[in-house]
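Okay, thanks for making the time, everyone. I'll put the structure up and then talk you through what I found in the two chains and where they touch.

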Amino acid sequence: MDFINLLMLGFGEAITPANLSFCLLGALLGTLIGVLPGIGPTATIAVLLPITFFLPPLAGIIMLAGIYYGAQYGGSTTAILVNLPGEASAVVTTLDGYQMARQGRAGAALAVAALGSFFAGTVATFAIAIAGPMLSQFALSFGPAEYVALMLFGLLAATILASGPVLKAIGMILIGLLLGMVGTDQATGAERLTFGAVELFDGIDFIVIAIGLFGFSEIITNLERSGSAGVTVAPLTRLWPTREDFRQSWAAVLRGTGLGTMLGLLPGGGATLASFSAYSLEKKVSKNPQKFGTGVVEGVAAPEAANNAAAQSSFIPLLTLGIPSNNMMAMMLSAFMIHGITPGPSVLTNQPEIFWGLVASMWIGNLLLVVINLPMIGLWVRLLTVPYRLLYPAILLFCCIGVYSMNNRIFDVVLAAGFGLLGYVFRKANCEPGPLLLGFVLGPLLEANLRRTLLITQGDPGIFVERPISLVMLIATVALLALMIFPAFRKKREEAFQEEEA
Amino acid sequence: MAGPAASGKGDRPDLLTAAIFVGFGVIGLWQTRVLDGGTLAQMGPGYLPRVVCGLLILLGLVIGIAAMRRDAAPIEPIKLRPLLVITLSIVGFAFAVTHLGFVIASMFLILAGSLADPGSNWRTTLLLAAGLTAFGAIVFVYGLGVQVPLWPQ
């Protein structure tokens, strides 16, 4: 196997001054926009996409990739410091990360997140290099039936994460699915749930929903609760993780990395599903799951490792099969297309320098990110001492520009404000909006695959239990459902969230 | 909105949840009423939305009925000031940025948005607005190339 040679070729490409500086630029930009709530990598990459036309193909793609995984680092920073996930994948980081910050352990949480992410990024990079070409074979054996079963499992697993009753979480997923159906139906071209608004024919943007539900409504509830006093700033006694923190988190990082790398491979998976799943896995293997949500270091380490691993391994389906697994990869796909490169198996054989150069640049980028992030942790921590009355206008402005910059439409901003109100009502109803986002992202994929499956079998749902992979995942889904209905488990789960709601 | 509840009974946040779920379900069913449902083998555009809406209504009813039988629990008090000020300043920004350019829109957003917090003083707010507007113009308009005019055209 000449994989070492290919990797050396990749490093040779990635280490050229031009590519190296675009890697650094991407990582810096990614961290910046990940930290700034309201402007996410999707919007940034969309804005930068036309610019990459003027760059060499590899340099442009390296930079865009850097923004994506850089944002995973940056997104955790705001999640921990101000309870505002910079990215959907950082939503679960808020659960324990923010609690840690409130206990004066913000520095420890940030350091664990950065180091965990670096480790995960390194492992995921080598996973792409070693297993990428091979694993594509396994993903090839997935039919639509398997995807349906997988997505049902993923959605249900997410309900365990939501604080509050399972029924509410399932309801939030259903609302997310419904919102995901808004717009032109992929299969028939019919307009659905648009209220006749032309602006909705392309569906609702993820960013509009995320900024509305998390950005705007968070600002409103924060102001309602504390007024000018702002977020309570816990005294920061220690900025570096203790030996105890390291001891507790290394296993979680390992599990998160493994799970994230696997889940990133699957279409529809990616960073968000990975961080959600890693968190619930941690909670399950933990000896004291009731402590989750109160500032447990594993609750930060595992999802942060997982989302970074998944952000990188989600490149595998794109690079080896040519199938984008999420809207970020769809962006990357168009970045390739701008240069007339169609990602897929042919790139691996005809233009190996593109594939291996990108792989090598990811590892270099991760190294750069640790260097960018760790020394600057002090700077992020200082942000906490800024009173909320100075902070929220800034968040408000970035959110507004972020939403507006997607399409330059008044409509998007007004819609996001509407979702802000909806998020406010959700909070009053004690509903956690996290699962809604997951339902929204997976909805269109679920529908497309369900249709495809049943079209193939001519309406016979038996296929879901006939295909072994699908059967295993459905059994897991049913087992999960049974667990949640089982009274003892339910009680335990309620205890786990009691602290968080208080 | 929270439905009828006898005194001493009725978990208000859960009743609100029920109203939200049923509301979404009903609106969804109403919006998809003209769409073709199709069959299981050939799903039309209306098939899955109707299934989801049906589940939402069912779930809403289950939660609602359970909530009625539980002891009364109040909804957190609602403060209108931040709710209205923030929402209106966002909407104002959207219109201003399109017609009056980034600088005026950003100044408006921050000055108006600051009214949500009764404790702010005008000097700090003005400085903050000027600083953030300059920062936004440099980073987003020049740096990231967001297609927004800076000044009214």
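**Two chains and their contact**

Let's start with chain B: its secondary structure is five helices and zero strands. Going along the sequence, you read the pattern α-α-α-α-α. Before I go on, keep in mind that this is a predicted model.

How much of chain B is buried? Of its 153 residues, 39% count as buried. As for contacts inside chain B, take the ones between residues at least 6 apart in sequence: 61% of those join residues at least 24 apart.

Now chain A. This one has 22 helices and two strands. Of its 502 residues, 60% are buried. Run the contact count here, again for residues at least 6 apart in sequence, and 79% of the contacts join residues at least 24 apart.

Okay, on to where the chains meet. On the chain B side, 58 residues are in contact with 53 residues of chain A. Which helices of chain B supply that side? H1, H2 (47-69), H3 (80-99), H4 (102-113) and H5 (122-143) each put in at least two residues. The largest share comes from H3(B), with 11 residues. And if you sort that side of chain B by class, you get 38 nonpolar, 17 polar and three charged residues.

Let me stay with H3(B) for a moment, since it supplies that largest share. A quick sanity check on its geometry: at 1.5 Å a residue, its 20 residues should span 28 Å, and the end C-alpha atoms are 28 Å apart, which agrees. Which residues of H3(B) are buried? They are Pro82(B), Ile86(B), Thr87(B), Ser89(B), Ile90(B), Phe93(B), Ala94(B), Ala96(B) and Val97(B). After the helix comes Gly101(B), and its phi is positive, near 90°.

Next, one helix pair across the chains, if you want something to zoom in on. That's H8 of chain A, residues 166-180, against H1 of chain B, residues 12-31. Their axes come within 11 Å and cross at roughly 25°. Angles under 35 degrees count as roughly parallel, so H8(A) and H1(B) are roughly parallel to each other. The crossing of H8(A) and H1(B) is left-handed.

Who makes the contact? From H8(A) it's Lys168(A), Gly171(A), Ile175(A) and Leu178(A), and from H1(B) it's Thr17(B), Phe21(B), Phe24(B) and Gly28(B). By class, that's four nonpolar, three polar and one charged.

For another pair, go inside chain A and look at H10 (residues 243-265) and H12 (residues 298-313). Here the axes come within 7 Å and cross at roughly 30°. By that cut-off of 35 degrees, H10(A) and H12(A) are therefore roughly parallel to each other as well. H10(A) passes H12(A) in a right-handed crossing, though. The contact of H10(A) with H12(A) has 13 nonpolar, 11 polar and two charged residues.

While we're in chain A, have a look at H17, residues 388-407. Same sort of span check: with 20 residues at 1.5 Å each, H17(A) should span 28 Å, and its end C-alpha atoms are 30 Å apart, which agrees. Is H17(A) largely enclosed or open? Of its 20 residues, 18 are buried, so H17(A) is largely enclosed by the rest of the structure. Just after H17(A), Asn408(A) takes a positive phi of about 55°.

That brings me to backbone angles. Most residues other than glycine have a negative phi, so I went looking at the ones that don't. Phe195(A) is not a glycine, yet it has a positive phi of about 55°. Where is Phe195(A)? You'll find it in the loop between strand E2 (191-192) and helix H9 (206-226) of chain A. Phe195(A) is exposed, with 9 other C-beta atoms within 10 Å.

Then there's Gln458(A), also not a glycine, with a positive phi of about 55°. Gln458(A) sits in the loop between H19 (434-456) and H20 (463-466) of chain A. Buried or exposed, for Gln458(A)? It's exposed, with 10 other C-beta atoms within 10 Å.

That's what I have, so over to you for questions.

Key:
Residues numbered from 1 in each chain as written. Chains lettered and ligands numbered in written order. Predicted model: local features only at pLDDT ≥ 70, side-chain atom pairs only at ≥ 80, totals over all residues. Axes fitted to C-alpha atoms, helices over the stretch in contact; angles between N-to-C directions. Helix = DSSP H or I, 4+ residues; strand = E, 2+ residues; numbered from the N terminus. Parallel < 35°, antiparallel > 145°, perpendicular 65-115°, else oblique. Left-handed = near helix turned anticlockwise from the far one by under 90°. Contact = placed C-beta atoms within 7 Å. Nonpolar A, V, L, I, M, F, W, Y, C, P; charged D, E, K, R; others polar. Buried ≥ 20, exposed ≤ 12 C-beta atoms within 10 Å, placed from the backbone. Expected span 1.5 Å × (residues − 1).
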